[in-house]
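Biologist: Before I take any labels on trust, could you walk me through how they were given?
Modeller: Sure, let's look at the model together and go label by label.

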Amino acid sequence: MSLLPSDITALWLTLQLAAVTTVILMVVGAPLAWWLSRSESRFASVIEATVALPLILPPTVIGFYLLMAFSPDNFLGGSWLALTGQSLAFTFSGLVVGSVIYSLPFVVQPLQSGFQHFDHKLLEAAETMGAGTLDRFLNLIIPLTRRAFATAALLGFAHTMGEFGVVLMIGGNIPGETQVLSIALYDHVEALDYGRAHWLAGGLLAFSFALLILLYGFNRNKGLKS
Amino acid sequence: MGSGAVADTLSIATASNFRPVLEQLRETFVERQGQDPSMHQITISSASSGVLYAQILQHAPFQLFFSANESYPEKLVASGRGASETLATYAIGKLVLVSRSEGVNPKDILSKAKRIAIANPRTAPYGIAAMAAIENLGVIEESKSKLVIGNNIAQAWQFFHSGNADVAIVADALVVSARGLDEREKPQRQGLFAIDLSPHLTHPVRQSRVAIKPVNSLTQQFLDFMNTAAAKKIIVDGGYLLPMTNKNLKQ
């Protein structure tokens, strides 16, 4: 008894989803976290609360609203269909949309906390020495907050790997398209195929544990100020 | 609580397709008992039959199981968990193809469909029936990539109802129930077309029930109520046929 092709497909799909989601979240999340760490406007706390919502909302709430929004009868689903000829529900793109929302706080919060500890006098110094915005970001902010970046990326990736409820509601359980590992596992359990379920459950457990050990080891040993 | 005897409880596990009808049956049953409805503790849990079967094997606290096939209740009797004298076919389900475009040929509708929502064939008898119908219609290869699998038939129906799938193959009972709701909530909602797929099935969807041992008196009363004309009318109105013979109905 070993992994069957359909489980390998689910594994590969899950890794792709986690990777795409993490890249999008790092690109979107970094400027957002920077703004949140600097802003003193009251509006910022509304945005901060919005970012944190997926932490406490049941995934079924997100799944339900997404499913409604994805319907071609509604604005988002209708526009997407007109643009791409595809629906958002039951597609990989739809899962990416769901995962970006679902994992947003896991990327933004570590980055924001890293940026809050960043010494802004360094930026002013660099500016007086003629460093441009991109230069300052790439050569000053990222190296000095790399722990926060690593934490954000690892947590965003790991959390997306473990996504279940949202995918269950918007995915449609399609092999190679939306049947991620957690869904394949659920399917095996419900069909009483415990042998295959053990493979996926054990694998996910080991992977998540390894990822967290990597994360905490990194944060503990590379005790760089960030 | 008061002076009366402790009321029995009845937890019913039902295949998702039968849930709307079962809720009506419960309502009528409680009314007929003429007692304070709060005296009765009848709860209904729905999922795909395979999932409920697995839960009952794992000693889930259900007293009555309405399956969407005959084999799960039979297996429960064989394993000793089901009470054999309560095993009976209670309804014959109708598999329908629903879409938003008018058409009479199910093959054409499936060929033109973008997304076909069905229940999970691994755990739901209606999912198996849907796959069989697609196969018998000769469009299995072109349909495979369009299939959207609901966790149970209620989710498959909801994928269609929310507009995310343009075609679904579900139990007629769900369509009947939703039509009732839509008439009340969205009288303007139109353009729902259901085609009976029974001619394209080798076997009808025969749905059996069984009580889980030990059978308490409330469970027995509910089973007796299932044999009444009123209960049968609710089942028929809900989109089912009754079994042809009454040999398995306790009288």
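**Why these labels?**

Modeller: Keep in mind that this is a predicted model. Ile24(A) counts as partly exposed, at 33% relative accessibility.

Biologist: Why is Ile24(A) called partly exposed?

Modeller: Buried means under 20% and exposed means over 50%, with partly exposed in between. Ile24(A) has 33%, so it gets the middle label. Ile24(A) sits in helix 1 (residues 5-38) of chain A.

Biologist: What makes up the nonpolar surface patch with Ile24(A)?

Modeller: Val20(A), Val23(A), Ile24(A), Val27(A) and Val28(A) make a patch of about 390 Å². A patch residue needs over 30% relative accessible area, and the 33% of Ile24(A) passes that cut-off.

Biologist: On to Phe90(A): why is it called buried?

Modeller: Its relative accessibility is 0%, and buried means under 20%, so the label follows. Phe90(A) lies in the loop between helix 4 (75-84) and helix 5 (92-116) of chain A. Phe90(A) also has a positive phi of about 65 degrees, although it is not a glycine.

Biologist: And His59(B), buried or exposed?

Modeller: Exposed: the cut-off is over 50% and His59(B) has a relative accessible area of 57%, so it qualifies. This residue is in the loop between helix 2 (49-57) and strand 3 (64-66) of chain B. His59(B) has a positive phi too, of about 70 degrees, and is not a glycine.

Biologist: Which omega goes with the cis peptide bond from Lys213(B) to Pro214(B)?

Modeller: Omega is near -5 degrees there. Pro214(B) belongs to the loop between strand 10 (205-212) and helix 9 (217-226) of chain B.

Biologist: Now the interface. How do you know that Asp187(A) forms a salt bridge with Arg122(B)?

Modeller: The closest N and O atoms are 3.2 Å apart. The limit is 4 Å, so the pair counts as a salt bridge. The rule finds two salt bridges across the interface of chain B and chain A, along with ten residue pairs in polar contact. Helix 2 of chain B gives the most to the side of chain B that touches chain A, with four residues.

Biologist: How many residues does each chain bring to the contact?

Modeller: Chain B brings 20 residues and chain A brings 23. About 1700 Å² is buried between them, with carbon and sulfur atoms giving 48% of that area. Arg122(B) turns up again here: together with Arg115(B) and Asn164(B), it supplies 34% of the area that chain B buries against chain A, more than any other three residues.

Key. Residues numbered from 1 in each chain as written. Chains lettered and ligands numbered in written order. Predicted model: local features only at pLDDT ≥ 70, side-chain atom pairs only at ≥ 80, totals over all residues. Heavy atoms only, no water. Patch = residues over 30% accessible without salt bridge, like charges linked within 9 Å, V, L, I, M, F, W, Y side chains within 5 Å. Areas by Shrake-Rupley, 256 points an atom, 1.4 Å probe, with all protein chains shown as cover. Salt bridge = Lys/Arg side-chain N within 4 Å of Asp/Glu carboxyl O. Helix = DSSP H or I, 4+ residues; strand = E, 2+ residues; numbered from the N terminus. Buried < 20%, exposed > 50% of the residue type's maximum accessible area, 1.4 Å probe, protein only. Contact = heavy atoms within 4.5 Å. Buried area = accessible area lost by both parts, 1.4 Å probe. Polar contact = N/O pair within 3.5 Å; in protein donor to acceptor, adjacent residues only side chain to side chain.
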